[in-house]
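Biologist: Please take one part of this model and look at it closely, working from the side chains that face outward to those that face inward. I would also like to know how that part is tied to the rest of the chain, with the cut-off behind each term.

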Amino acid sequence: MAKKHAPRFLEIVNDAKSRVAECTVDQIKSRLDAGDTFHLVDVREESEYARGHLPGAVHIGKGVIERDIEAKIPDTDDVIVLYCGGGYRSALAADALQKMGYENVVSMDGGWRGWTEAGYPVEQPADEG
């Protein structure tokens, strides 16, 4: 069952989505399979990331991404793909990064939920030993 979001939250998400590029989980799976080089960033909460995440993803939570992005990804021309649980928080984070001058930021619509529903591989905590 899909989570019902508050109307004002959806308003700011839709506003952000009007300015950010989005992609699908299938597009990101294809890019990973092809060996494309880009930063894959999970913006979910740390506890969500710890339970499982996309292969090769790094964690920079939405709550701290503006503070931490420059240290982790200093080049504003680098390609950055953000994802969250379903594509809402990643759109908000992408919008913020664009305001900071990052020019190649994409939000993965569908997020973790879409990725796992498609049956694509994930990294679990035990995988990182």
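Modeller: I will start with helix 4, where R67, E70 and A71 are exposed on the side that lies away from the buried residues; buried here means under 20% relative accessible area, exposed means over 50%, and partly exposed is what lies in between, computed with a 1.4 Å probe on protein chains only. Helices (H or I, at least four residues) and strands (E, at least two) are DSSP runs, numbered from the N terminus. This is a predicted model, in which local features need pLDDT of at least 70 and side-chain atom pairs count only at pLDDT 80 or more, while totals for chains, interfaces and linings use all residues. Residues are numbered from 1 along each chain as its sequence is written, and side-chain values use heavy atoms, with hydrogens and water left out.

The buried residues of helix 4 are I65, D68 and I69. They share one side of helix 4, because the arc that they cover around the axis is only 120 degrees, the arc being that of the directions from the helix axis to the C-beta atoms. An α-helix has 3.6 residues a turn, so residues three or four places apart point the same way. The cover over these buried residues includes strand 2 (39-42), strand 4 and helix 5, where contact means heavy atoms within 4.5 Å.

D68 is buried, with a relative accessible area of 19%, whereas R67 counts as exposed at 63% relative accessibility. The side chains of these two residues, D68 and R67, nevertheless meet in a salt bridge of 2.7 Å, N to O; a salt bridge is a side-chain nitrogen of Lys or Arg within 4 Å of a carboxyl oxygen of Asp or Glu. Elsewhere, salt bridges that share partners join D15, R19, D95 and K99 into one network, and the structure holds 10 salt bridges.

The nonpolar residues of helix 4 lead to the core, a nonpolar core being a set of buried Ala, Val, Leu, Ile, Met, Phe, Trp, Tyr and Cys residues joined through side-chain atoms within 4.5 Å. The largest such core has 16 residues, of which V41, I65, I69, I80 and L82 touch the most other members. Helix 4 (65-72), strand 4 (79-83) and helix 5 (89-99) each supply at least two residues of this core, and helix 5 gives the largest share, 4 residues. With residues up to four places away in sequence left out, I80 touches H39, V41, I69, I73, Y102, N104, V105 and V106. A second, separate core has 13 residues, including C23, I28, L54 and W112.

Helix 5, which is part of the cover over helix 4, has a tie of its own: the side chains of R89 and E48 form a salt bridge at 3.0 Å, N to O. R89 lies in helix 5 and E48 in helix 3 (residues 46-51), so this pair ties together parts that are 41 residues apart in sequence. R89 is partly exposed, with a relative accessible area of 22%, while E48 is buried, at 18%.
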